[in-house]
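The exercises below concern a ligand site and a charged pair in a protein model. Work through each task with the structure open before reading its solution.

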Amino acid sequence: MPIRVLDHHLIDQIAAGEVIERPSSIVKELVENSLDAGARSVEVDIEAGGVRLTRVRDDGVGIPADELALALSRHATSKIASAADLDAITTLGFRGEALPSIASVSRFEIVSRHVEADRAASIYVDGGALAELKPAAHPPGTTIEVRDLFFNLPARRKFLRSEVTEQGHIVRLLERLALSRSDVAFRLRSAARTLLDAPALGPAMGDSAPSLDRVARVLGQEFAERSLDLDHSAGPVRIHGWIGAPAAARATSDLQFWFVNGRAVRDRLLMNAVRLGFRDVLYGGRQPSYVLYLDIDPSLVDVNAHPQKLEVRFRDSRQIHDFVFRAVERRLADTRPAQGAVAPAWHGQATLGPTTAPLGLRGGEGVDLSGSWAVSEALRATSAGVHEFSSQPLHSAPGSDAAPLGEALAQIHGVYILAQNEQGLVLVDMHAAHERVLYEKLKAQQGTAATQLLLAPISVALKVDELDALMAQRADWEAAGFELERLSPDTLVVRSVPALLPREDIASLVRDVVSGVADSGTAHHLDGATDRLLGTLACRSAIHAHRRLSLAEMNALLRQMEQTPRADQCNHGRPTWTQVTLAELDRMFLRGR
Ligand SMILES: Nc1ncnc2c1ncn2[C@@H]1O[C@H](COP(=O)(O)OP(=O)(O)OP(=O)(O)O)[C@@H](O)[C@H]1O
Ligand SMILES: [Mg+2]
């Protein structure tokens, strides 16, 4: 083929590939435009997860009728005029690409009335083909309707996920935007249902200071109540916002929000800095939760570093990293003594030897199980045949054929079990091992799982879209042994749970699993929604690091592992145990035999 210049329509579609990935990208671009236009209220309506319709209506300054067609052409923007403006961007948009990109891959209509005009005008665009300007009725502000996304690009359409998933992306996105501007009202509706409703807060017009009320509204009261406020400035930089108390750490990274000069970003440098600040107080894979704002002289940060503007480049990234890390670390250090009472076992101590009296596996009576749920019970429940083991003498010959993993000797740093078998030493990662045991049992019992009726049904408050996602997978939950009912759009009632699982703190188990299944960041190496559900259930229910186990409990776990398929890896693919042979020990100590 000869070289040719592509026509502008095709160029727009190619550009759309960079910024318009899914319906939530449209919501992002349109709402950012509304915020740039000074809107005090932004209303978003969607149908079919935003694919059939996404409509954004604002009360911003609007667009003069004679500029409306220009707004839809490529590289046309009112936000920058020269290269110098690029050095200190204060608006969310600046590339002049969003509207033409969206219009090239959808059926698009814009209606706008400029504040100083007395009439509104509209333009309809069908897959990039502009119709003529028409007079219209509209209060000052702008409404944009995007229908049938990717109708002219079937290949892109195929990459869209289910309606529930796309709707979830939109909710998450709007939550971010709502956290960025407390002074603006945000509302999201799908069909007749309100998915997010955040009224404008803040005393003065234009006071965009983040407010904890908004945070509570968007992320839930629980985060707001268990968070520590933070505010620290140095020279041209200020960090402020809220970090979740370590005890409120989560299984997934879904409550991590960063805003740089009001722009929501997912910036690795900033995320790493916070993680480092939390390093002493979180164990295992627990994730910190936070809503943090970085205000910085705009000339010290480049926002033109990523097509979707999700990453930024700091002129002095080292210094920013240190600044954030120290601010977070210091804030957490301040609180440590007071937190003692609610603190989980993050200061894990080595527990050599049995820490609780060896308990009869049948009962577990008289053992102090002060944790949030009883380990011995969990282990007992996971092991149908555990009663047989309990009759086995604890001091049988190590590593007899019946017990290839040998006999437990101690728990090390609250994480590993040390055991001895015929070949030498065995080390077991107790959480990983228990997770695999649970997962395999859940899988094997699917559809025939023993369920445990709860004495009092438990109600769990979830976000509407999370509950949508859960209900879409209801059959899998029920096959696993749950009995569920949706009481209201955002309330779930749990009547029964799988007998295998702990019966305590079911509400947070359900919440953890819902967010875990949705969060592809912590994806298991498991295909299929059903396996992901069971895997997440197993992971969230398995005994945690730093839970003290008695020798009998450790032995029960070893025996279960021996009977569990694929017990050598947890379902994230990490090994669950390893062997150090006597020969290796001899070599270590240069001991000839
Ligand atoms: N809701 C709105 N209210 C007022 N003006 C708007 C609105 N949406 C778009 N505009 C005008 O249309 C122009 C083009 O919008 P578009 O989103 O395509 O580009 P941009 O926001 O300038 O840059 P970017 O591509 O980075 O988003 C904007 O610069 C702005 O002047
Ligand atoms: Mg824009």
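**Exercise 1.** Identify which polar contacts the oxygen atoms of ligand 1 make with asparagine 33, phenylalanine 94 and glutamate 97 in this predicted model.

*Solution.* Begin with the side chains: an N or O atom in the side chain of asparagine 33 lies 2.8 Å from an oxygen atom of ligand 1. Turn next to the backbone, where a polar atom of glutamate 97 is 2.8 Å from a ligand oxygen, and where a polar backbone atom of phenylalanine 94 is 2.9 Å from an oxygen of the ligand. Each of these distances can then be set against the cut-off of 3.5 Å for a polar contact. As for the ligand surface, ligand 1 taken alone exposes 590 Å², of which the protein buries 93%.

**Exercise 2.** Describe the shell of residues around ligand 1 and the space that the ligand takes.

*Solution.* The shell holds 22 residues, and those that come nearest are Thr77, Ser78, Lys79, Glu97 and Lys309. Sorted by character, the shell comprises 8 nonpolar, 8 polar and 6 charged residues. Helices α2 (23-36) and α5 (98-104) each contribute at least two of the shell residues. The space occupied by ligand 1 is the second largest pocket.

**Exercise 3.** Explain which parts of the chain the salt bridge between arginine 95 and glutamate 18 connects.

*Solution.* The whole structure contains 36 salt bridges. In the pair considered here, the closest N and O atoms of arginine 95 and glutamate 18 are 3.8 Å apart. Because arginine 95 lies in the loop between α4 (83-86) and α5, while glutamate 18 belongs to helix α1 (residues 8-19), the pair ties together parts that are 77 residues apart in sequence.

Conventions:
Residues numbered from 1 in each chain as written. Chains lettered and ligands numbered in written order. Predicted model: local features only at pLDDT ≥ 70, side-chain atom pairs only at ≥ 80, totals over all residues. Heavy atoms only, no water. Near = heavy atom within 4 Å. Polar contact = N/O pair within 3.5 Å; in protein donor to acceptor, adjacent residues only side chain to side chain. Areas by Shrake-Rupley, 256 points an atom, 1.4 Å probe, with all protein chains shown as cover. 1 Å grid on protein atoms, 1.4 Å probe; cavity = no way out; pocket = protein on both sides within 12 Å on 5 of 7 lines; lining within 4 Å. Sits in = over half its atoms within 2 Å of the grid points. Helix = DSSP H or I, 4+ residues; strand = E, 2+ residues; numbered from the N terminus. Nonpolar A, V, L, I, M, F, W, Y, C, P; charged D, E, K, R; others polar. Salt bridge = Lys/Arg side-chain N within 4 Å of Asp/Glu carboxyl O.
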